[in-house]
Amino acid sequence: MSKARPTGEVIEGDFLDVAATLPRGTAALAYIDPPFFSGRKRSNRGDGPSYDDRWPGGPAEYLSFLRRMLEAVKPLLTPNGVIALHLDWRAAHHGRLELERLFTPQGFVNEIIWSYKTGGLSKRWLGRKHDSIHVFAAGRDYTFNLIREKSYLAHRYGYSNVEIHEDEGGAYTWTALRDVWDIPALRGNQLEYAGYPTQKPLALLKRLVECFTRPGDLVLDPCCGSGTALVAAKLLGRSWLGVDAGKAAVGLALQRLSEAKL
Ligand SMILES: C[S@@+](CC[C@H](N)C(=O)[O-])C[C@H]1O[C@@H](n2cnc3c(N)ncnc32)[C@H](O)[C@@H]1O
């Protein structure tokens, strides 16, 4: 049965209020990229778009926010829907526990490590250069599309049963995608950069959408910011539903969606 033509909507508002008005049981994938508990107002330029990541009530206030967001997303998933919660070292461990509470430990699918190389050094610890995306499924029959990636070889010995290919990077084989994704962080001079603070790269979201949805499925992003996940959904023939509390974020998401051509 062919699904309806992909379409979408972006709503301005606090997701905790908006969620009750959204259709239940329809999202195949909910990607949540909330504030990370950085304790800062996030902005790239003084007069550019920004959002608040300050929590005067400390960890308890932040955790209550995170818990309420996840609880509001859950009923919007299909019975086999997948939730992907994107955080970093500040709160990823709390997020994982909240997801286990809501989806049971058996709902765990993957902890995807997004590995990147950005500036900034510390003399006291190793560079903190990865985020975690915790993926849990609401049911056992969730969508999972196996993607293959190139694995470059240091040498050619011992590969008698595998096909070896070659390109400008050297000799490689095709292997199943691992849960560590090396994808460059966005730079200000890239075409896709919309100037939004903590904007995620399209390549990251396209990969996530490709792994866990089928064409025509609905991708929900309750903290959509500049709309990266929504653009990925559109480009891959999925429907999209974005929500953000910020007016500028919604404006950017709508603009990027209108420019994204299938
Ligand atoms: C990390 S940013 C999302 C960035 C986005 N993934 C992108 O690539 O542009 C977090 C977003 O959550 C939004 N936000 C925070 N609290 C919210 C809430 N209660 N409801 C909806 N959006 C919220 C902020 O306005 C901000 O745009």
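Start at the ligand: select the 21 residues around it and pick out Phe15, Cys223, Gly225, Ser226 and Thr228, which come nearest. Two elements give two or more residues each to this shell, namely helix H1 (15–18) and strand E13 (239–244). Colour the shell by class and you should get 11 nonpolar, 6 polar and 4 charged residues. Keep in mind as you click around that this is a predicted model.

Next, bring up the sheet. Its 8 strands run in the order E1-E13-E12-E2-E5-E7-E6-E11, and the sheet is open with mixed pairing. Go to the edges, where you'll find strand E1 (8–12) and E11; each has a single partner strand, so one side of each is left without a neighbour in the sheet. From one strand to the next, the twist averages 15 degrees.

Now zoom in on one pair. Select residues 108–115 (strand E6) and 130–137 (strand E7): these two are antiparallel and share 7 bridges. For a single bridge, click glutamate 111 and look across to E7, where histidine 134 is its partner.

Stay with the sheet and add two helices. Residues 92–103 make up helix H3, which packs on the sheet and touches strand E5 (77–87) and E7; the directions of H3 and E7 make an angle of about 0 degrees. Then select residues 247–259 for helix H6, which also packs on the sheet, this time touching E1 and E13, with its direction at about 165 degrees to that of E1.

Time for the interior. The largest nonpolar core has 62 residues, and Leu29, Ala30, Ile83 and Ala84 have the most contacts inside it. Helix H4 (residues 202–212) supplies the largest share of this core, 7 residues. Centre on leucine 29 and show what it touches beyond four places away in sequence: Gly81, Val82, Ala84, Val209, Phe212, Thr213, Asp217 and Val219.

Two backbone oddities round off the tour. Phenylalanine 37 is in the loop between strand E2 (27–32) and strand E3 (40–43), and its phi is positive, about 70 degrees, although it is not a glycine. Is phenylalanine 37 buried or exposed? It is buried, because 24 other C-beta atoms lie within 10 Å and 20 or more is the cut-off.

The other stop is threonine 198, in the loop between strand E11 (180–182) and H4. Here too phi is positive in a residue other than glycine, near 55 degrees. Threonine 198 counts as partly exposed, because it has 19 C-beta neighbours inside 10 Å.

Terms used:
Residues are numbered from 1 along each chain as its sequence is written. This is a predicted model: local features need pLDDT of at least 70, side-chain atom pairs count only at pLDDT 80 or more; totals for chains, interfaces and linings use all residues. A nonpolar core is a set of buried Ala, Val, Leu, Ile, Met, Phe, Trp, Tyr and Cys residues joined through C-beta atoms within 7 Å. A residue is buried if 20 or more other C-beta atoms lie within 10 Å of its own, exposed if 12 or fewer, and partly exposed in between; C-beta atoms are placed from the backbone. Helices (H or I, at least four residues) and strands (E, at least two) are DSSP runs, numbered from the N terminus. Two residues are in contact if their C-beta atoms, placed from the backbone, lie within 7 Å. A residue is near a molecule or strand if its C-beta atom, placed from the backbone, lies within 6 Å of it. Ala, Val, Leu, Ile, Met, Phe, Trp, Tyr, Cys and Pro count as nonpolar, Asp, Glu, Lys and Arg as charged, and the others, Gly among them, as polar. Two strands pair if DSSP finds at least two bridges between them. Axes are lines fitted to C-alpha atoms, for helices over the stretch in contact, and angles run from 0 to 180 degrees between N-to-C directions.
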